[in-house]
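Visitor: I'd like a close look at one part of this protein, and I'd rather hear it as one connected story than as a list. Here is what we are both looking at.

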Amino acid sequence: MTESKEAILQFALQLALPLAILLIVLVLGFILRKFLFKRLSRLAQKTKSGLDDTIISAIRGPFIIWSLMLGIYIALQVSELPENTVHIAGKVLLVLGLFSAILVLANISSDLTNLFSAGRSRPLPGASLTQTVIRIIIFGVGFLVILNTLGISVTPVLATLGVGGLAVALALQDTLSNLFAGFRIVLNRIVRVGDYIELDTGEKGYVTDINWRTTKVRMLPNNVVLIPNAKLTQTNITNYYLPAKDMAVLVNLGVHYSSDLQLVERITCEVAKETMQEVTGGVPEFNPFIRYHTFGNSSIDFTVILRAREYVDRYIVKHEFIKRLHKRYAENGIVIPFPIMAVNYSQEKTE
């Protein structure tokens, strides 16, 4: 009985020092995290760049885990456990530490991509696709580093990946097709995040994201259409933001044959210029004009050329222009005829 108590006491004494070291390191980690990150956050608030905030935010969470891992590692070194067990535990902690560092690095790179995109006048093309590619590269390199740390040769792994890559490529033809089509869209700037596009199938809206598989288009009714990248590169696209966002707005009209065409042109241009300068969405510096083009069945037809800042502004520009023009035509006795066909009997008799 006495020997048993002595054995238990001896075991407790052996654990006391490692546990004390673990506790001390963990407490120091908490204290350091509290004061260090508080100080760093104050310094970061004084800078205009969001880089420091991103790094601090990414490191703050794993810091306690790193402190715990460091405490366990030091406790194992001073413990009386078998050397082989300590060695294996140290390797496991090292792998976990490397993995957490890789995860933090991937998160920082992703946040920096978002930060860079937010700081631009327009969103970064394919920001989601860029984030995915960067994370894949970081995790791939990190995996090779972990293998090399464990003493595993990387060369056979790379050879295996090369042989297996062909089989994977055949199995994931559609996925890889969309992935590389996404790269093509981003690099060639066919479509950019924020652009307003229309497909030959009729879908149209704002591009909100280009990821590794699909391009997201938010339509005006607030519905989202997911278009596979490969299909997007194979279809006819009208990009209303290229080469510039502003665009011509054409309004077709017709006036009675008895109208004074010079008066019609003057009043129409005055109303159009007024619309350009007063309506949000118009282009104030643009000088509208009209072009007569057809002797219709019941009217002389012409087209008014205005200009809107972007595609969706054309609706409000047309709306306000038609209201104002109708009022001015009524004030000046200009008639917009109904679509009728008149028979001139006097002309028929002369024949």
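Which residues do the ring pairs link into a cluster?

Guide: Tyr196, Tyr206, Tyr240, Tyr241, Tyr311 and Tyr315 are the ones that ring pairs link into a cluster. Before we zoom in, a word on the model: it is predicted, so local features need pLDDT of at least 70 and side-chain atom pairs count only at pLDDT 80 or more, while totals for chains, interfaces and linings use all residues. Residues are numbered from 1 along each chain as its sequence is written, and side-chain values use heavy atoms, with hydrogens and water left out.

For orientation, the protein has 10 helices and 8 strands; these are DSSP runs, numbered from the N terminus, with at least four residues for a helix (H or I) and at least two for a strand (E). Of its 351 residues, 33% count as buried, where buried means under 20% relative accessible area, exposed means over 50%, and partly exposed is in between (1.4 Å probe, protein chains only).

Now the rings. The structure holds 9 aromatic pairs. Take Tyr196 and Tyr206: their ring centres are 4.9 Å apart and their planes sit at 80 degrees, so this pair is edge-to-face. Tyr196 is in strand E1 (residues 196-199) and Tyr206 in strand E2 (residues 204-210), so to speak two distant parts of the chain linked by the pair, 10 residues apart. Tyr196 is buried at 0% relative accessibility, and Tyr206 also counts as buried, at 15%. Tyr196 has another ring partner, Tyr311: here the centres are 4.5 Å apart and the planes at 20 degrees, so the pair is stacked. Since Tyr311 is in the loop between E8 and H9 while Tyr196 is in E1, this pair ties together parts that are 115 residues apart in sequence. Tyr311 is buried too, with a relative accessible area of 4%. The cut-offs behind those labels: rings of Phe, Tyr and Trp (its six-membered ring) pair if their centres lie within 6.5 Å, and planes under 30 degrees apart are stacked, over 60 edge-to-face, and the rest tilted.

Another cluster member carries a charge on its face: Arg314 lies over the ring of Tyr315, 5.5 Å from the ring centre. Arg307 does the like with Phe286, at 6.0 Å from the ring centre. To count, NZ of Lys or CZ of Arg must be within 6 Å of the ring centre and within 35 degrees of the ring normal.

What about the strands under Tyr196? E1 and E2 run antiparallel and are joined by 3 bridges; two strands pair if DSSP finds at least two bridges between them. Glu198 has Lys204 as its bridge partner in E2. The two strands form a hairpin with 4 residues between them, and Gly202 in that turn has a positive phi of about 110 degrees. E1 also pairs with strand E5 (residues 237-239), again antiparallel and over 3 bridges, with Asn239 in E5 as the bridge partner of Ile197.

Follow Tyr311 back along the chain and you meet E8. Strand E7 (residues 289-295) and strand E8 (residues 300-308) are antiparallel, with 6 bridges between them, and they form a hairpin with 4 residues in between. Phe295 has Ile300 as its bridge partner in E8.

E8 also leads to the largest nonpolar core, which has 22 residues; those that touch the most other members are Val251, Leu253, Phe302, Val304, Leu306, Phe321 and Tyr329. Strand E6 (247-255), H8, E8 and helix H9 (313-331) each supply at least two residues to this core. A second, separate core of 12 residues includes Val193, Ile197, Leu199 and Ile227. By nonpolar core I mean a set of buried Ala, Val, Leu, Ile, Met, Phe, Trp, Tyr and Cys residues joined through side-chain atoms within 4.5 Å.

One last stop is Thr268, in helix H8 (residues 261-278). Thr268 is buried at 0% relative accessible area. Not counting residues up to four places away in sequence, Thr268 touches Ile290, Phe302, Val304, Phe321, Leu325 and Tyr329, contact meaning heavy atoms within 4.5 Å.
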